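Let us learn to read a few features of a protein model. Have the sequence and the 3D view ready.

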Amino acid sequence: MALKHVVIGGGTGFIGKRLVQILRADGYDVTTISRMPAVKHMTWHDLEKDGLPAGTSAVVNLAGQNVLDPTRRWTSGFKQNVWNSRINTTAACARAIEKATVKPKVFVSICGVSHYAAGSEPNTEESKTVEFDFMSRLCTEWEKAANLSDNSICRVVKVRSGVVIGREGGMIQSLILPFWFGLGGPIADGSHDLPWIHIQDICHLIKFAIEKPEVSGVLNGVAPQLISNRDFTKAFASALIRPALFPLPEFVLNLIFSKERAVLLTNGAKVVPKRVQEYGYEYQFPDIRSACKDVARLFP
């Protein structure tokens, strides 16, 4: 029997690399879509011109410019790049699916949780989303780009991901050195919510969505444990056996990143994975202590 064939947009990124490893280890054939051609790769131009490879059984899009790249100023050009790299690639995947003679069985698209409002009430997948700033508008349009004109043949799963905890990238890569040298600490007073998920769980949740025909619609790609930035700081410092005595003032982050994108670090919402748990997904890292211990184990 032929291998299951998954096409992954952004398969060379932080989450994509891990997902490719996990799928290939389980016998999947994987083609990644990226900017540069290579073995088992195709470019976005190839996708537009030639469509999906024959035998594609699932499409996953993880593509997107790193919003919190401190080397890039928050200019109108960079904002447009952040927008296009998510929405245009997702739309390109959707077009390729609709043009395919033989449809893949499932399309999994990832986005963020910035269109949930911060507050005291937890947000489930059924909670109302709102547009109130650049990031919330981005998440809304990002999800819309994944819509298919007829998804009765191809299931659509939209994973709203929290902050991904993993050694190779994301928030941990930015924080590991200051925390290692004892210079870490909470952001401001650390009281704001931090929706999060370990990289193994976000990848296995995507694999779960690919393999389970009953899974469709929105999934909150977050761990079941609600935490604050202060909780994360304590767990990460403890895992590294380091103090965390130096709070980072919010105005410093606003200066480094500009307020419009610093909100990703300073203003989170309570998000719970109600539908994920109802479907029966079992977390490998359901609490922040175990997640931080895992990434700390890989350092130095």
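What follows is a short dialogue on burial, charge, contacts and cysteines.

A: This is a predicted model, where local features need pLDDT of at least 70, side-chain atom pairs count only at pLDDT 80 or more, and totals for chains, interfaces and linings use all residues. Residues are numbered from 1 along each chain as its sequence is written, and side-chain values use heavy atoms, leaving out hydrogens and water.

Q: Where does R86 lie?
A: Helices are DSSP runs of H or I, at least four residues, numbered from the N terminus. R86 sits in helix α3, residues 76–99.

Q: What is the nearest side chain of opposite charge to R86?
A: A salt bridge puts a side-chain nitrogen of Lys or Arg within 4 Å of a carboxyl oxygen of Asp or Glu. R86 has none, although it is buried (under 20% relative accessible area, 1.4 Å probe, protein chains only). The nearest such side chain, D69, is 11 Å away. A polar atom of the R86 side chain does lie 3.3 Å from the backbone oxygen of V82.

Q: Is Q200 buried or exposed?
A: Q200 is buried, because its relative accessibility is 17%. Q200 belongs to helix α6, residues 199–211. Contact means heavy atoms within 4.5 Å. Leaving out residues up to four places away in sequence, Q200 touches R18, I22, Y281, Q284 and F285.

Q: How many disulfides are there?
A: A disulfide is a covalent bond between the sulfur atoms of two cysteines. The rule asks for two cysteine sulfur atoms within 2.5 Å. The count here is 0. For C139, the nearest cysteine sulfur, that of C111, is 4.9 Å away.

Q: Why is C292 in no bond of this kind?
A: The closest cysteine sulfur, in C203, is 17 Å from that of C292, so it is too far for a bond. C292 counts as buried, because its relative accessibility is 0%.

Notes. Helices (H or I, at least four residues) and strands (E, at least two) are DSSP runs, numbered from the N terminus. Buried means under 20% relative accessible area, exposed over 50%, partly exposed in between (1.4 Å probe, protein chains only). Lys and Arg count as positive and Asp and Glu as negative; His and the chain ends are not counted. A polar contact is a pair of N or O atoms within 3.5 Å; within protein, one must be able to donate a hydrogen and the other to accept it, and residues adjacent in sequence count only if both atoms are side-chain atoms.
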